[in-house]
Amino acid sequence: MKKFKIILLIIIISNCYLLKSQENPETTLLNQFHKITSEEMMEWMKKLCSPEFNGRFTGSPGFVTSAEWIAGKFREWGIKPAGDNGSYFQWFDWPYTEVNDIGSLVLNIPQADGTVIRKSYNYPDEYYPGMNSGSGEITAEVVFVGYGVTAPDLNYDDYKGIDVKGKIVLMNRDVPYTDPGNPEYAKWVKYCYHQYKLENAVKHGAAGFLYIDGIGANPNISYDPSIIVCGIGSQVLSDIFAGTKTTNSELTAGMIKSLKPASFRTGKNMTIRANTTRHPEGKGCNVIGMIEGSDPELSKEAILIGGHLDAVGKAGKVVNGALDNASGVVDIMGAAKAMAQSGISLKRSVVFILFGGEENGLIGSKLYADNPVFPKDKSVVFINLDMVGNGTGFSVNASAPWKNLLSYFESANTKYIHRPFRGSAPEPKGFYGRPRSDLYNFSSIGYRTMSIGTTGSYKKVYYHLPGDDPDAVTIDIMEDVAKMIYVALTNIANDSDLKF
Ligand SMILES: [Zn+2]
């Protein structure tokens with residue numbers, strides 16, 4: 001009787017194996033597909049936006065802790081380390097500035113009787129503390145300096161004939177040349193940067209810096225302890241221009257038309273206070289994990305997919321960066337876990353990169369591009385995800401002429417997901433002109449690139465503002481983004497007919 005039971009057991013077990021080995025590859029693919037759940041992805045989203053990580057500001061301990069947490073997940077799922085010295089990390093030094101409180105911005109209005117009325121502005125609607133500001137207080141006259149540009153090569157100088165020593169400079173973003181389609185634009189690009197504008201203001205002796213349209217965290221600016229920085233919104237701007245018989249829009253329209261500066265002393269006196277601490281010891285990193293390909297030849301080729309892990313930290317209130325860009329990170333995690341655990345062996349290798357320092361000027365992606373895990377000519381494509389978690393449909397863009405890569409995403413959607421799908425190759429014009437996302441550091445040196453986005457967004461976007469929390473994302477589109485990536489990358493990795 002006992003013997004019979006054993007034989008029966010052997011028959012059952014061998015049948016199970018037989019069933020497993022005969023399982024249709026599509027069934028195997030779909031088994032794992034259904035294990036990608038919005039519940040689990042929301043757990044990760046909440047973790048990334050938790051006080052433990054404090055807004056994931058590159059350089060800060062909160063950022064490093066978040067990077068270690070992701071590396072721990074990769075390890076748990078069997079994704080191999082592909083960073084420096086057998087670790088998951090690619091480190092870089094990153095001094096950072098901690099904003100200790102919201103500071104203040106005040107307009108000092110002198111009265112006929114010699115007294116002064118102080119008008120204080122509200123955080124975060126009317127002003128936003130400069131994230132790389134020096135610490136202290138400045139009271140001085142505000143001088144309008146247009147775009148804050150000194151360009152001898154273009155015969156243009158916003159500071160010409162105007163003294164800003166010890167004063168507060170007020171300026172616009174960008175440059176007065178506004179046609180990115182014109183080759184002439186290239187000469188202006190270097191004057192667009194916030195870094196340049198701040199350094200130029202310091203060079204001219206300014207002690208304060210008011211940035212127009214500056215509501216929201218902006219860590220992508222130089223640090224100089226001698227200058228107090230503050231972003232302003234429309235209320236402050238109209239108070240500064242009150243009684244000057246002109247407006248900023250009128251002046252900038254004129255400057256754009258004539259390419260002539262329009263700087264002038266506003267006669268307004270303001271006080272900016274900032275409370276910041278500089279941390280020269282800061283460290284940042286990329287987190288890199290890999291599923292090694294199984295084919296002797298094709299495994300030498302890699303599909304790269306990445307997004308930035310960092311957010312803009314805390315300037316007054318913490319900005320948790322749920323949409324920007326915990327969403328992209330969680331989308332990638334969902335797909336990465338599925339690929340690592342599906343039981344489908346991948347012929348090509350797949351590399352997952354979560355960047356640091358994007359918000360500070362695309363630092364981590366530049367580091368990776370300069371120190372790639374796979375050589376560039378063996379990297380099939382780099383796919384970027386930034387703010388992919390609000391909407392109802394997909395948009396997938398590929399740099400020309402790699403339109404065929406789009407088809408894997410489109411067919412994953414058509415077969416299994418059924419969302420509105422918009423694909424384009426090449427990407428919409430103007431995307432590559434200026435370094436606005438990590439994609440730039442790959443596309444600008446000749447990588448094939450793709451980006452994944454969503455369409456039909458219906459939730460309010462808190463871009464670089466308090467409120468970018470887990471309830472600002474649409475978790476069900478994120479689940480579907482992860483599912484689309486999982487299916488598409490599995491098929492790209494295993495398509496032996498695909499030649500690069
Ligand atoms: Zn972003």
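A residue is called buried when its relative accessible area is under 20%, exposed when that area is over 50%, and partly exposed in between. By this criterion Arg348 is buried, because its relative accessible area is 0%. The structure discussed here is a predicted model.

**Salt bridges**

The whole structure contains 16 salt bridges. Arg348 takes part in one of them, meeting the side chain of Glu301 with an N to O distance of 2.6 Å. This pair joins distant parts of the chain, 47 residues apart: Glu301 belongs to the loop between strand 15 (283–291) and strand 16 (302–308), and Arg348 to the loop between helix 9 and strand 19 (349–355). Glu301 also falls under the 20% limit and is therefore buried, with a relative accessible area of 17%.

A second bridge connects Lys190 with Asp153, where the closest N and O atoms are 3.1 Å apart. Here too the pair links distant parts of the chain, with the two positions 37 residues apart: Lys190 is placed in the loop between helix 5 (185–189) and helix 6 (194–203), while Asp153 is placed in the loop between strand 8 (150–151) and strand 9 (156–157). Lys190 is partly exposed because its relative accessibility is 45%, and Asp153 is likewise partly exposed, at 48%.

A third bridge joins Glu479 to Lys483, with 2.6 Å between the closest N and O atoms. Both residues lie in helix 13, 4 residues apart, which is about one turn of the helix. Glu479 and Lys483 are both buried.

The three pairs are listed below.

| Pair | Closest N and O atoms |
|---|---|
| Lys190 and Asp153 | 3.1 Å |
| Glu301 and Arg348 | 2.6 Å |
| Glu479 and Lys483 | 2.6 Å |

Besides these pairs, salt bridges link Arg419, Asp476 and Asp480 in a network.

**The zinc site**

Which residues coordinate the zinc ion? The donors are His308 through NE2, Asp324 through OD and Asp386 through OD, at 2.0 to 2.4 Å. Along the sequence these donor residues follow the spacing H-x15-D-x61-D. Asp324 and Asp386 link distant parts of the chain, being 62 residues apart: Asp324 is in helix 9 (residues 322–341), and Asp386 is in the loop between strand 20 (379–385) and strand 21 (393–398).

The two aspartates fall into separate accessibility classes. Asp324 has a relative accessibility of 4% and so counts as buried. Asp386, at 23%, counts as partly exposed; the reason is that a value must be under 20% for a residue to be called buried.

**Helix 13 and the loop before it**

Thr474 is located in the loop between strand 23 (449–455) and helix 13 (475–494). Thr474 counts as buried because its relative accessibility is 3%. When residues up to four places away in sequence are not counted, Thr474 touches Gly389, Asn390, Gly391, Tyr458 and Lys459.

Met478 is a residue of helix 13. With a relative accessibility of 0%, Met478 is therefore buried. Its contacts, leaving aside neighbours within four places in sequence, are Met41, Met45, Ser327, Val330, Asp331, Val388, Gly389 and Val473. Gly389 is thus among the contacts of Met478 and also among those of Thr474. Met478 and Ile332 are 146 residues apart along the chain, and their C-alpha atoms are separated by 9.6 Å.

**Cysteines**

How many disulfides does the whole structure hold? A search finds 0 disulfides. Two cysteines may be described by their accessibility. Cys192 is buried because its relative accessible area is 5%. Cys230 has a relative accessibility of 1% and so counts as buried.

**Cavities**

The whole structure has 2 cavities of 30 Å³ or more. The largest cavity has a volume of about 110 Å³. This cavity is lined by 14 residues, of which Gly130, Gly214, Asn218, Val229 and Gly231 are the closest to its centre. Which strands each supply at least two residues of the lining of the largest cavity? They are strand 6 (127–129) and strand 12 (228–232). Strand 12 gives the most to this lining, with 3 residues.

Methods: Residues are numbered from 1 along each chain as its sequence is written. This is a predicted model: local features need pLDDT of at least 70, side-chain atom pairs count only at pLDDT 80 or more; totals for chains, interfaces and linings use all residues. Side-chain values use heavy atoms; hydrogens and water are left out. Buried means under 20% relative accessible area, exposed over 50%, partly exposed in between (1.4 Å probe, protein chains only). Contact means heavy atoms within 4.5 Å. A disulfide is a pair of cysteine sulfur atoms within 2.5 Å. Donors are N, O and S atoms within 2.8 Å of the metal (3.2 Å for Na, K and Ca); water is not among the atoms, so sites may look incomplete. A salt bridge is a side-chain nitrogen of Lys or Arg within 4 Å of a carboxyl oxygen of Asp or Glu. On a 1 Å grid over the protein atoms alone, a cavity is a set of points where a 1.4 Å probe fits but cannot get out, and a pocket is an open set with protein on both sides within 12 Å along at least five of seven lines; lining residues have an atom within 4 Å of a point. Grid points are joined across faces, edges and corners, and a volume is the space filled by probe spheres set on the points.
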